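Biologist: Could you walk me through this structure, a piece at a time? I would like to follow the reasoning as well as the answers.

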Amino acid sequence: MNLQVTNLSKSFYHSPVFQSFSLKMESGEKIGLSGPNGSGKTTLLKMISGIMSIDSGKIRIGENDVNPDEPEPRKNLYYLGHSVGLYPGLTGYENLTFITGLYGKMNSNISNVLIKVRLDSAQDKLVKFYSQGMLQRLKLATAIILDPNILLLDEPLTGLDVDGIKLFESVIVEWNELRKTMIIVSHNSDWLRTNTDRIIELKQC
Amino acid sequence: MSFFNHRNNLIHAAIAAALSTINIYIVLSLEPPNLAQGIFGNIFYIHVPVAWTAFLLYLCVMISGILFLTKKDQVWDRRGLAFAEVGTIFMFLVLTTGPIWAKPAWGIFWPWEPRLTTSLILFLIFLGYFMLREFGGNPEQVSRYAAVVGILAFLDVPLIFLSVKFWLPEMQSHPQVGQYFDSANPLPTYFLIFSFLSLLVVSSLMIRLRTNILSMKEAN
Amino acid sequence: MFIFGLSITLIFALAFQVAPMLIRTFAPGLLWVVILFTSVLGLNRLFSLEREEHAMWSWTSAPVDRGTVYISKVISALFFVLMSEILFIIPFFIFLNLPANFSFFQFSLILFLGTGAIVSVGCLISGITLQAGLRDVLIPILLFPSASPVAIAATKCTESLFDQKPFTEWNFWFLILGSFFVIFGLFGYMVFNRIVEE
């Protein structure tokens, strides 16, 4: 599914972060986003996912414009953020059941996916007791179950051990074969060069 | 100040000053609408137009809020804040002139009259509005929250008014504004309208000045 | 919330011991003071789970109508406040020595509608103050004046019910409660989208 951003503008505390920013992605394309702290990498992903409002401009996913009043476009994407973004008082399994329910995928085989990401032993543990690496694996499990056409991955390898990184890379290869559109944010330019089609460097306004 | 460097603004200020002076002169020299109240009765000529202006400004806060939420233009947020600030100043005047007029008119400082009570409740909501502006979080979110509170406050007005009006039926026995107008003598009516128009000129000057200050602050 | 409601009831009972006959006159108002204060406690906690660790992002980025989330919050807040009311109503009547010779069905309706009206505007205010620094203070400051028609109408309904007046004499106040519930419920549904965006 293609993604198009046209003349996007956004300010924080009256300082511009984006000024007439445009981006066009074809279906199945993988883009790496890099840049210094405060250049707007996470902000861009949040705006595309609908978490954050835009000041002006347009974001289009497939045939639909992203609009906070329209939930439909959000069906096709998943935002894997670097904040927790889960309910700390629920278990891993409960969080997955909740989120997959929101996307209408109530009959998903959550247990099998948790085995795949090696979280089956911790699925009944409360998320507030998860380590950073375990949280990333849980979010990866969510992305696998939801199977969206567009994936917004914000520093997905943070906190992962060597096995975790290999697992993530293998899943990205699978997604690539399925022609999923991906935006990946990372500070590791070498990794981005190897795992994406092109890199966009954001600069501070 | 750069606002008063512009000719149009100077003219506006001059007109506002002239109208206010005439207003005060007439209030002091006109015969009180109710002779028994003495000079305090003339507060009626200030209290009523000030109340009308305050409610009109709060209506403008609601309209600015709706326009800000739909158009996402910061101009409407600045205007909404300016309307709220000036409106609250006028509402404070309503709440001070009200009891000053009420004591000689009805023997008590606070009669729980529907309009005065509605004014008090709106004033309290807008004090909360300013606290939200100050402590509500990051400016972009706070602008949206303030717009919602501004709409909520004015949406509440008819319900507050109706509730208070039928709450204490015995409170309805106090003189209504209409009783002051004697069809044989139209002067009080004309003066009330004049007073309201002059207050509109003064309040619009205050709003334009405040909006200008907010724009300059944002530009810096 | 039940314990808080019970504590306030105790304070009222102690404060009015010098004039026990006055309690019957003021009981409807006292009841709604207790309910309002108890609601504030519940509303303070309403979005506490979402505040932790940005848990809100799980549904703001999901394909769900955010207005529906507001409605679900209103329903859950209404449920919890009503449950605590049911628990402290009986001690309220016992400690204040109030007679209970009225229609329980009508009383339940008044409690439901009055609490619903408070919670419909309260959920909106709770969402607005989600990121605020002084949210514990801001919620009652914004809620109490906004909910004043509810306080008046609910007290009038309860007073008429305790005095065993026919429904036709107080149906106006019932209408005020219902109107408040509907108007602010709809308003909250429409603007909740704008409130939860970052």
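Modeller: Gladly, and let us begin with a definition: a residue is buried if 20 or more other C-beta atoms lie within 10 Å of its own, exposed if 12 or fewer, and partly exposed in between. Please keep in mind that this is a predicted model.

Biologist: Thanks! Then is A:Asp147 buried, exposed or partly exposed?

Modeller: A:Asp147 sits in the loop between α4 and β7 (150-154) of chain A. Its phi is positive, about 50°, although A:Asp147 is not a glycine. Within 10 Å there are 14 other C-beta atoms, so A:Asp147 is partly exposed.

Biologist: And A:Asn7, which also has a positive phi: is A:Asn7 buried or exposed?

Modeller: This residue belongs to strand β1 of chain A. The phi of A:Asn7 is near 50°, and A:Asn7 is a residue other than glycine. Inside 10 Å there are 12 C-beta neighbours, so A:Asn7 counts as exposed.

Biologist: Let us stay with that strand. Which residue of β2(A) stands opposite A:Phe12?

Modeller: β1 (residues 3-12) and β2 of chain A pair in the antiparallel sense over 7 bridges. The two strands form a hairpin with 2 residues between them, and A:Tyr13 in the turn has a positive phi of about 45°. One of the bridges joins A:Ser11 to A:Pro16. Opposite A:Phe12 stands A:Ser15.

Biologist: Which strands stand at the edges of the sheet that contains this hairpin?

Modeller: The sheet is open and has 4 strands in the order β2-β1-β4-β5 (chain A), with antiparallel pairing. Each edge strand has a single partner, so one side of it is left without a neighbour in the sheet. The edge strands are β2 (15-25) and β5 (64-65) of chain A.

Biologist: A helix lies across part of that sheet. At what angle does α1(A) run to β1(A)?

Modeller: Helix α1 covers residues 41-49 of chain A. It lies across β1, β2 and β4 (56-61) of chain A. With respect to β1(A), the helix α1(A) runs at about 120°.

Biologist: Now to β3(A). Which residue of β9(A) stands opposite A:Ser34?

Modeller: Strand β3 (residues 30-34) of chain A pairs in parallel with β8 (residues 181-185) of chain A over 4 bridges, and there A:Ile31 has A:Ile183 as its bridge partner. Another 4 bridges join β3(A) to β9 (residues 198-201) of chain A, also in parallel. In β9(A), the residue opposite A:Ser34 is A:Glu201.

Biologist: On to the helices. How wide an arc do the buried residues of α2(A) cover around the axis?

Modeller: In α2 (residues 92-102) of chain A, the buried residues are A:Gly92, A:Asn95, A:Leu96, A:Ile99 and A:Thr100. Their arc puts them on the same side of α2(A), because it spans only 120°.

Biologist: What do those buried residues pack against?

Modeller: Within chain A, the partners of the buried residues of α2(A) are α3 (110-116) and α4 (132-146). Chain C contributes as well, with its helix α4 (57-60).

Biologist: Let me pick a residue in that helix of chain A. Which residues does A:Thr142 touch beyond its neighbours within four places in sequence?

Modeller: A:Thr142 lies in helix α4 of chain A. It counts as buried because 23 C-beta neighbours fall inside 10 Å. A:Leu114 is 28 residues away in sequence, and its C-alpha is 9.2 Å from that of A:Thr142. Leaving aside those sequence neighbours, A:Thr142 is in contact with A:Tyr78, A:Leu96 and A:Ile99.

Biologist: Moving to chain C, what is its radius of gyration?

Modeller: Chain C has 9 helices and 0 strands. For its 198 residues the globule rule gives 16 Å, and the chain comes close to that, so it is as compact as a globular protein of that length. Of these residues, 48% count as buried. The radius of gyration of chain C is 18 Å.

Biologist: Finally, which element of chain B has the highest mean pLDDT?

Modeller: Chain B has a mean pLDDT of 86, and 88% of its residues reach 70 or more. Among its elements, α5 (residues 139-167) has the lowest mean, 89. The highest, 93, belongs to helix α2 (residues 44-71) of chain B.

Technical notes: Residues numbered from 1 in each chain as written. Chains lettered and ligands numbered in written order. Predicted model: local features only at pLDDT ≥ 70, side-chain atom pairs only at ≥ 80, totals over all residues. Pairing = 2+ DSSP bridges. Contact = placed C-beta atoms within 7 Å. Axes fitted to C-alpha atoms, helices over the stretch in contact; angles between N-to-C directions. Arc of directions from axis to C-beta. Rg over C-alpha atoms; globule rule 2.2 N^0.38 Å. pLDDT = per-residue confidence, 0-100.
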